[in-house]
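User: I would like to learn how to read backbone angles and internal cavities in a model. Could you take me through them step by step?

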Amino acid sequence: MTKRTWTQEQVDDIVHMYTVQRCTQKVIAAKYSAKVQTISGILKAHNVSINYRKGANRHMNDQYFDVVDSAEKAYFLGLLLTDGSVIYDAERIRQPEISIELIESDVEILHRLRDAIGLSTKLCYAKRAGRKHGTYTLKFRSAHMASTLAAYHIVQDKTHRVRVLPQNIPEQYMKDYVRGLIDGDGSIYFSQGSWHINYCGHFQSLVRDVGNVCCSMIGRDAPLKIQVSDNVYRITFNGAWAQKLASALYDNADIAIARKYRLAIAAMRG
């Protein structure tokens, strides 16, 4: 059998995939229809250490969302629907990247999600020009979790694709799920002598779904008016309705973004 000859371009690509793109040897081998041992040999021959990633995220529980059986899991699903993302490589060679970005004051929630999934990944900090606050991002790769999240409408380009809420959130954890939505794309504020809670989205049908769920929690029968500005739809609970919703979502909450939790408590107290 003739020994396979590798071009310099192929070798450079293999080294780049492993050291920069963080692809596994198995993924690289699949791309080049080669054995893992062959890829390992090429890396070693070019002085690339294959031990520096040993143990990275080895304790990750990529089945964390397979069964939604806690308030914490439901909350994270709501937050991921608003502030998370799933990205696939164009060639779909690597596992999809799952990420979530929050402003720096909310970093504790990212620590809690990272610990819940069992990740050892470091958070990435960024401060964009002209922005008042920096952000932290949690990123990791998992084909299995990406597939699981898709069942809850957390998919690639979800901002322009997701038009309705998922129907598979357990009823007993719905308030935790909605709290995640409000923490992500909602606001709690005091203005003109009363409290207000709103939720924003790019599709009227999605915003209506959130409004209907919230109304059912606080016993409101009248439909909520949906406003639109710059192609963003918004529902707003005002006054006593906002206070009731704050109580329904945040009273005795086990997990929430701290700054919004404080506002909700203030709203409950009137």
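User: Is S33 buried or exposed?

Analyst: This is a predicted model, and the general idea is to set a relative accessibility against a cut-off, where exposed means over 50%. Because its relative accessibility is 66%, S33 counts as exposed.

User: Where is S33 found, and what is its phi?

Analyst: S33 is found in the loop between α2 (25-32) and α3 (36-45), and although S33 is not a glycine, its phi is positive, at about 50°.

User: Which loop holds D230, and is D230 buried or exposed?

Analyst: The loop between β7 (226-229) and β8 (232-238) contains D230, a residue other than glycine whose phi is likewise positive, near 55°. With a relative accessible area of 71%, D230 is exposed.

User: Turning to the interior, how many cavities of 30 Å³ or more does the structure hold?

Analyst: A cavity is a set of points where a 1.4 Å probe fits but cannot get out. The structure holds one cavity of 30 Å³ or more, and the volume of the largest cavity is about 30 Å³.

User: Which elements each supply at least two residues of the lining of the largest cavity, and what classes of residue does that lining have?

Analyst: At least two lining residues come from each of β2 (97-103), α5 (107-117) and β4 (135-141), with β2 giving the largest share, three residues. The lining of the largest cavity consists of F65, L80, I98, S99, I100, L113, I117, L138, F140 and M145, and by class these are nine nonpolar residues, one polar residue and no charged residues.

Terms used
Residues are numbered from 1 along each chain as its sequence is written. This is a predicted model: local features need pLDDT of at least 70, side-chain atom pairs count only at pLDDT 80 or more; totals for chains, interfaces and linings use all residues. Side-chain values use heavy atoms; hydrogens and water are left out. On a 1 Å grid over the protein atoms alone, a cavity is a set of points where a 1.4 Å probe fits but cannot get out, and a pocket is an open set with protein on both sides within 12 Å along at least five of seven lines; lining residues have an atom within 4 Å of a point. Grid points are joined across faces, edges and corners, and a volume is the space filled by probe spheres set on the points. Helices (H or I, at least four residues) and strands (E, at least two) are DSSP runs, numbered from the N terminus. Ala, Val, Leu, Ile, Met, Phe, Trp, Tyr, Cys and Pro count as nonpolar, Asp, Glu, Lys and Arg as charged, and the others, Gly among them, as polar. Buried means under 20% relative accessible area, exposed over 50%, partly exposed in between (1.4 Å probe, protein chains only).
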